[in-house]
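Okay, thanks for making time, everyone. I'd like to walk you through one model today, so have it open and follow along.

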Amino acid sequence: MRYRAKDADKLNEENESLIRKRLPSLFRKRSAKLKRDLEDAVREPNSAVNPIVPAPGGTPLHRNSSPAQFGGPAGSDDEIDDGSINGAMEALGLNDEEYISARFMGGEAVHDVVRPNTNTSIETLKAAGYLGQPNPTKIFMKFEAHENESHAVRWSPVERMVATGGADRKVKLWDVGKGSTEPRAVLSGSSAGINSVDFDSTGAYILGTSNDYGARVWTVMDNRLRHTLTGHSGKVMAAKYVQEPIKVVTGSHDRTLKIWDLRSIACIETKFAGSSCNDLCTTDSLGSTIISGHYDKKIRFWDIRTEKQADDVLMPAKITSLDLSKDCNYLICSVRDDTIKLLDLRKNQVISTFSNEHFKISCDFARASFNSGASKIACGSADGAIYIWNVNGFLETTLKGHSSGSVPFFHSTAVNAVSWSPNSNSLASVGKSKRCIIYSDS
């Protein structure tokens, strides 16, 4: 027995040494608070599922889903009782390697370790919120969205409905709530391919931009074309409402941004950026600040109240898309060097970079997306996969391109755009294969 005990101690020392080599110290620091929470969960048997209770009428919160954590860990390893942590981990049947793998590597390394209860323990962690909100990895529905390549997708802010735009010059509305694979409406009027689609905050109007140098506004209720905005001398890549429903801003490859008054259907201001605009967003419904991403690698900030331009932020390569968190504090930027940058707009600086050796931005207008809580980032890749990162820096999962029998379940070609639902944990994606796929977590 004495020799067996010595052998066990030696094996434990080797395992700990291996874990230290494999895992960066940063991951260990970030796991400190999670381990304390886990210890509390084990001490309280009835707290296997322990979401944070929101204020009445508020949105349910999950552990580790707040952008406030971008700044770093809440505590240090020195503040934790190692004996208590080990006891908590043992109670759930996880060793350090399995826990850190589940927390920071999407559980990939767990498959190398075959032990009873491991999968159950990881599911317990997920249920308790320690791994954050579940990822939408299950296909809810899939359909051929357009006659050829699909360029854009966006969820309605109020309905279980998505809008898609494609090279076939059409914008289509799809009723995801009913699971229908036939379009609810087909919005026509464009004479060239659609580059982007977006709703106003009420879901009553939809904006579409086109390669025909124009942008259009349709009403969702009756599917009628209400306004056609022409005046750019290059293809229009993006449009957003400012001071809705009165004004719209558009960004074009003619190196300008134009602000339009929908009452007179006229351009009331032109901002000269000096570089082709690939995407833009506005900080609120009043559109007090317009943020634009450009071919010359710069993110530009425009204050429409003072007509002054704030300092630019330079990226390492041309910018393909921008997306803003709901609180307007954080901005993600997909860059042509195959990275996603996370910016803190209160400091106007990059605070995190997301990449993967297999991740490749598919095109110059590839669109990345925050989830509703701004705790996760999704972006499609040229290899047909969708990569989902946690904002704390690690890759949570990859929706990999593959086929099951003769039915393609995922994109087999490049994914051009993704959009996360603002009201549910659902993800929509479109790509060069014409297909739109809706993913959910159940």
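Let me pin down one word before anything else: I'll say buried for under 20% relative accessible area, exposed for over 50%, and partly exposed for in between, with a 1.4 Å probe and protein chains only. Also, this is a predicted model, so local features need pLDDT of at least 70 and side-chain atom pairs count only at pLDDT 80 or more, while totals for chains, interfaces and linings use all residues. Residues are numbered from 1 along each chain as its sequence is written, and side-chain values use heavy atoms, with hydrogens and water left out.

Right, the overview. The protein chain has 442 residues, and 52% of them are buried. Its accessible surface is about 20,000 Å², with 48% of that on carbon and sulfur atoms; those areas are Shrake-Rupley with a 1.4 Å probe, and for residues only the protein chains shown count as cover. Now contacts, meaning heavy atoms within 4.5 Å. If you take those with a separation of 6 or more, 50% are between residues 24 or more positions apart.

On secondary structure, I'm using DSSP runs numbered from the N terminus: helices are H or I with at least four residues, strands are E with at least two. By that count the chain has five helices and 31 strands.

Let's zoom in on two sheets. I call two strands paired if DSSP finds at least two bridges between them. One open sheet goes β10-β11-β12-β13, four strands with antiparallel pairing. Which strands stand at the edges? They are β10 (236–242) and β13 (266–272); each has a single partner strand, so one side of each has no neighbour in the sheet. The twist averages 20° from one strand to the next, using axes fitted to C-alpha atoms (for helices, over the stretch in contact) and angles from 0 to 180 degrees between N-to-C directions. Six bridges link β10 with β11, residues 247–252, in the antiparallel sense, and A239 sits opposite T250 of β11.

Just before β13, look at I265, in the loop between β12 (256–261) and β13. Its phi is near 50°, positive even though this isn't a glycine, and I265 is partly exposed at 41% relative accessible area.

Then there's T282 in strand β14, residues 277–282. Its side chain reaches the backbone oxygen of Y241 at 3.5 Å. T282 is buried, at 15% relative accessibility.

The second sheet is open too: β23-β24-β25-β26, four strands, antiparallel pairing. Here β23 (368–370) and β26 (395–399) are the edge strands, with a single partner each, so one side of each is left free of a sheet neighbour. Neighbouring strands are turned by 15° on average, direction ignored. Three bridges join β23 to β24 (residues 376–380), running antiparallel, and A368 faces C379 in β24.

There's another positive phi at N348, about 55°, again not a glycine. N348 is in the loop between β21 (339–344) and β22 (349–354), and it's partly exposed at 29%.

Last stop, cysteines. How many disulfides does the structure hold? Zero, counting a disulfide as a pair of cysteine sulfur atoms within 2.5 Å. Take C333: the nearest cysteine sulfur belongs to C281, 9.7 Å away. C333 is buried at 0% relative accessibility, whereas C267 is partly exposed at 32%.

Technical notes
Polar contact = N/O pair within 3.5 Å; in protein donor to acceptor, adjacent residues only side chain to side chain.
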